[in-house]
Amino acid sequence: MRHRLLVPGAAALSLLLAIPASAADFTPGAPGVGDSYYPESGNGGYDVSHYDLRLKYQPKTDLLEGTATLLATTTQDLSRFNLDFGLKVSEIRVNGKKATYATSGKHELEITPATPLEKGKQISVVVRYAGKPSELKIDNFSAWARTPDGGVVAQEPDSAVWWFPSNDHPTDKATFDISVAVPDGTQAISNGVLTSQSSKLGWTRYNWRSDKPQATYLTTLAIGKFDITTDKTANGLPVLNAVSKDLGANEGAARASIERTTEVTEWLEGVFGPYPFNSVGGYVPNVPAGYALETQTRPFYGKKAFDRGANVSVVVHELAHQWYGDSVSLKDWKDIWVNEGFAAYSQWLWSEKEGEGTAQELADYVYAQHPADDPFWKVKPGDPGADRQFDSAVYDRGALALQALRDKLGDRTFFKILKAWPTEHRYGNASVADFVKFAEQKSGKPLAEFFDTWLFQPSKPAAAATKSTAQRSFRAAQTPVAQPKSWKQIAATHDMHVQPHRH
């Protein structure tokens with residue numbers, strides 16, 4: 001008996017080839033990115049490109065209602081994936097279809113799509129939710145602070161969990177559209193540019209856009225009643241500053257500080273190169289916090305930061321972060337020096353510019369304040385540990401390392417590096433090791449041993465490690481080193497960065 005050989009047509013063959021891998025080949029995305037300090041932060045299996053947040057907030061009750069749309073690309077064949085989020089969810093859709101979901105751990109939202117997701121595909125995730133953020137406690141802590149007229153969220157190393165679902169780690173940055181409806185007479189301030197504002201039936205909606213990559217912890221929201229001022233830098237960059245209407249005795253000092261934002265931004269462009277984002281500014285809400293945070297384009301300053309009067313130095317610090325920390329973000333939280341060492345050193349450079357103590361005089365003073373047996377030298381700025389991540393040594397010793405590098409390389413090469421780093425790594429992520437290699441490349445000198453001495457050894461570097469004659473004379477004569485005029489303002493910012501957080 002003869003058998004006919006059946007050859008499939010082209011259309012049928014293409015259908016056969018299009019059949020995806022078996023369900024067994026699809027696996028869950030990791031519940032964390034494996035950060036050295038915070039292994040639960042972030043998630044694996046996808047990369048977010050854009051967040052669209054449509055929110056409604058009632059200050060009287062602290063009720064936040066939201067619909068978050070995430071646009072992402074899968075990086076593996078996914079059977080399910082996680083988001084970091086803590087409020088109550090009512091519905092999730094993946095690519096338009098309802099998905100099932102469950103919660104686990106401290107802030108994991110596990111999502112199982114109707115059909116598995118192939119690697120390399122663009123996906124959309126819509127999450128509907130509601131809750132009272134200040135009542136959400138993780139490790140007995142909430143990043144959301146209620147105020148007499150609203151609420152504020154600004155925390156490091158994480159804050160998104162309390163108000164929007166996300167891939168909550170700096171290595172997955174995205175653009176943001178944030179639309180917030182609040183009762184008429186109340187304002188909503190966020191990152192980027194206010195693209196539109198409209199009122200309807202007793203509610204005013206504010207639409208904010210951040211069009212450059214932004215880490216989730218750098219995304220902020222402040223709801224309340226503010227006095228707002230606007231300006232433009234010499235390069236036409238829009239400036240928006242906001243001060244709560246009920247700051248009391250601190251109002252004058254707060255405004256006198258953040259109204260220097262335009263001037264400071266223009267100066268920093270001369271040091272670090274073109275400003276990387278679409279707007280700049282700052283805000284001071286009526287929260288009792290004494291810390292400040294470099295929330296992207298619009299730094300947060302706690303009211304108590306101005307208890308002792310104006311402090312332009314902290315404004316310099318937070319704006320410097322727009323280049324070092326925001327545009328170029330850390331790869332892992334142990335790389336905190338690539339953020340804080342440079343922001344702290346920018347304060348030293350500002351002091352030098354203002355004639356209130358040169359960076360070298362500040363270095364001499366810091367070096368002299370801490371004898372060899374001081375615990376200060378046990379902290380390693382290049383990897384301080386999660387419990388010492390915001391220790392004063394990360395700032396002061398971190399800045400000392402940069403002054404020592406300036407001594408070693410000379411001003412021309414040093415400032416060339418300061419400007420090249422945020423230019424060549426713009427909108428990316430980098431580690432301490434990356435900066436060491438970068439500095440070696442730009443200077444043509446081996447620097448690994450130098451950086452090891454200043455950033456990783458738990459001991460006081462010898463005075464000979466820097467060219468400072470003042471340090472050598474101090475070692476020889478044990479004479480006190482004069483306190484630079486700017487030091488009190490600089491030191492005050494240390495307290496502003498040791499904020500409470502859940503880790």
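**Exercise 1. Place His-169 in this predicted model and classify its burial.**

Step 1. The relative accessibility of His-169 is 2%, so the residue counts as buried, the cut-off being under 20%.

Step 2. His-169 belongs to the loop that runs between strand S10 (150-153) and strand S11 (174-183).

Step 3. Leaving aside residues up to four places away in sequence, the contacts of His-169 are Val-33, Asp-35, Ser-41, Gly-42, Thr-216, Lys-331 and Trp-333.

**Exercise 2. Describe how helix H5 packs against helix H7.**

Step 1. Two packed helices are described by the angle between their axes and the distance between the axes.

Step 2. For H5 (residues 337-354) and H7 (residues 392-409), the axes come within 8 Å and cross at roughly 70°.

Step 3. Angles of 65 to 115 degrees count as roughly perpendicular, and H5 is therefore roughly perpendicular to H7.

Step 4. The handedness of the H5 and H7 crossing is right-handed.

Step 5. On the H5 side, the contact is made by Trp-337, Glu-340, Gly-341, Phe-342, Ala-344, Tyr-345, Trp-348, Leu-349 and Glu-352. On the H7 side, Val-394, Tyr-395, Asp-396, Gly-398, Ala-399, Leu-400, Leu-402, Gln-403 and Arg-406 take part.

Step 6. Sorted by class, the residues of the H5 contact with H7 are 11 nonpolar, 3 polar and 4 charged.

**Exercise 3. Carry out the analysis for H3 and H5.**

Step 1. The axes of H3 and H5 are 12 Å apart, and the packing angle is about 105°.

Step 2. This angle makes H3 roughly perpendicular to H5.

Step 3. From H3, the residues Glu-263, Val-264, Trp-267, Leu-268, Val-271 and Phe-272 meet Ser-346, Leu-349, Trp-350 and Lys-353 of H5.

Step 4. The contact of H3 with H5 comprises 7 nonpolar, 1 polar and 2 charged residues.

**Exercise 4. Classify two aromatic pairs and state the burial of their members.**

Step 1. Over the whole structure, a search finds 35 aromatic pairs.

Step 2. One of them joins Phe-272 and Trp-323, with 5.8 Å centre to centre and 55° between the planes; this pair is tilted.

Step 3. Phe-272 lies in helix H3 (residues 261-272), while Trp-323 lies in the loop between helix H4 (312-320) and strand S21 (329-330). The two are 51 residues apart, and their pair links distant parts of the chain.

Step 4. Both Phe-272 and Trp-323 are buried.

Step 5. For Phe-414 and Phe-415, the ring centres are 5.1 Å apart and the planes stand at 80°, so this pair is edge-to-face.

Step 6. Phe-414 has a relative accessible area of 1% and is buried, whereas Phe-415, with 25%, is partly exposed.

**Exercise 5. Determine how far helix H6 is covered.**

Step 1. H6 spans residues 359-369, and 9 of its 11 residues are buried.

Step 2. The buried residues are Ala-359, Gln-360, Leu-362, Ala-363, Asp-364, Tyr-365, Val-366, Tyr-367 and Ala-368.

Step 3. With that count, H6 is mostly covered.

**Exercise 6. Characterise the surroundings of Gly-131.**

Step 1. Gly-131 is part of strand S8 (residues 122-131).

Step 2. Its relative accessible area is 15%, and Gly-131 is therefore buried.

Step 3. Not counting residues up to four places away in sequence, Gly-131 touches Asp-62, Leu-63, Leu-64 and Leu-87.

Step 4. The C-alpha atoms of Gly-131 and Lys-88 are separated by 6.1 Å, although these residues are 43 residues apart along the chain.

Methods
Residues numbered from 1 in each chain as written. Predicted model: local features only at pLDDT ≥ 70, side-chain atom pairs only at ≥ 80, totals over all residues. Heavy atoms only, no water. Buried < 20%, exposed > 50% of the residue type's maximum accessible area, 1.4 Å probe, protein only. Helix = DSSP H or I, 4+ residues; strand = E, 2+ residues; numbered from the N terminus. Axes fitted to C-alpha atoms, helices over the stretch in contact; angles between N-to-C directions. Parallel < 35°, antiparallel > 145°, perpendicular 65-115°, else oblique. Left-handed = near helix turned anticlockwise from the far one by under 90°. Contact = heavy atoms within 4.5 Å. Nonpolar A, V, L, I, M, F, W, Y, C, P; charged D, E, K, R; others polar. Phe/Tyr/Trp six-rings, centres within 6.5 Å; stacked < 30°, edge-to-face > 60°.
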